[in-house]
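Here is a short report on one protein model. Look at the sequence and the fold, then read on.

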Amino acid sequence: MLATVEQYVARCGQPAPAEVEVLLARASDDIAAALITAVYDPADDVAGALVEAVCAQVEFWLATGSDGITAGEAWNAVSIGPVSLSGRSAPAASPVLVAGVELAPRAYRALHLAGLLPGEVSDAW
């Protein structure tokens with residue numbers, strides 16, 4: 001895993017949900033997949049950006065009702081038997097697609113600011 005439960009709690013400022021270890025593992029896999037073709041200087045301190053991205057990914061999933069596998073997408077109207085739901089609004093921010101992986105906006109920003117996204121060229125080169 002790219003982030004620990006303790007790092008999640010410290011960065012998000014909220015208690016960890018019961019399923020946080022599973023979500024951190026899924027988010028770590030997503031971040032790794034999004035960066036599969038990224039090129040960066042291994043001497044750079046990238047660990048902080050990776051932790052930030054993983055924690056932001058989990059925080060986004062929890063805020064949007066996703067579990068990292070299924071989408072926590074909004075619904076306009078849903079009826080199942082006598083149960084009817086309508087009017088749920090879409091999340092304030094939409095995920096960003098990177099290498100086929102949907103990244104939370106804050107996860108994308110952390111990776112972008114660190115120059116870790118595929119196709120970005122660092123000024124250090």
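At 1.5 Å a residue, the 18 residues of H3 should span 26 Å, and its end C-alpha atoms are indeed 26 Å apart, so the two values agree. The expected span is 1.5 Å times one less than the number of residues in the helix. Helices (H or I, at least four residues) and strands (E, at least two) are DSSP runs, numbered from the N terminus.

This is a predicted model: local features need pLDDT of at least 70, side-chain atom pairs count only at pLDDT 80 or more, and totals for chains, interfaces and linings use all residues. Residues are numbered from 1 along each chain as its sequence is written, and side-chain values use heavy atoms, with hydrogens and water left out.

**The whole chain**

The protein has four helices and four strands. From the N terminus on, their order is α-α-α-β-β-β-β-α. Of the 125 residues, 30% are buried. Buried means under 20% relative accessible area, exposed means over 50%, and partly exposed lies in between (1.4 Å probe, protein chains only). Take the contacts between residues at least 6 apart in sequence: 62% of them join residues at least 24 apart. Contact means heavy atoms within 4.5 Å.

**H3 and its partner**

Back to H3. Of its 18 residues, 13 are buried, so H3 is largely enclosed by the rest of the structure. Just after H3 comes Gly65, with a positive phi of about 80 degrees.

How do H3 and H4 pack? Helix H3 (residues 47–64) and helix H4 (residues 105–113) have axes 7 Å apart, at an angle of about 170 degrees. Axes are lines fitted to C-alpha atoms, for helices over the stretch in contact, and angles run from 0 to 180 degrees between N-to-C directions. H3 and H4 are therefore roughly antiparallel. That word covers angles over 145 degrees; under 35 is roughly parallel, 65 to 115 roughly perpendicular, and the rest oblique.

On the H3 side, the contact includes Ala49, Leu50 and Phe60. On the H4 side, Pro105, Ala110 and Leu111 are among the residues met. The residues of this contact divide into nine nonpolar, one polar and three charged. Here Ala, Val, Leu, Ile, Met, Phe, Trp, Tyr, Cys and Pro count as nonpolar, Asp, Glu, Lys and Arg as charged, and the others, Gly among them, as polar.

**Cysteines without a bond**

How many disulfides does a search of the whole structure find? Zero. A disulfide is a pair of cysteine sulfur atoms within 2.5 Å. The sulfur of Cys12 is 5.1 Å from its closest cysteine sulfur, in Cys55, so the gap is too far for a bond.

**Accessibility, residue by residue**

| Residue | Relative accessible area | Class |
|---|---|---|
| Cys12 | 14% | buried |
| Cys55 | 1% | buried |
| Leu35 | 10% | buried |
| Ala99 | 52% | exposed |
| Leu97 | 61% | exposed |

Leu35 is in the loop between helix H2 (20–34) and H3. Leaving aside neighbours within four places in sequence, Leu35 is in contact with Leu50, Leu111, Leu116, Leu117 and Pro118. Leu35 and Leu117 are 82 residues apart in sequence, but 6.1 Å apart in space, C-alpha to C-alpha.

Leu97 belongs to strand E3. Its C-alpha atom is 8.7 Å from that of Ala34, 63 residues away along the chain. Ala99 is in the loop between strand E3 (96–98) and strand E4 (101–103). Ala99 has a phi near 50 degrees, a positive value in a residue other than glycine.
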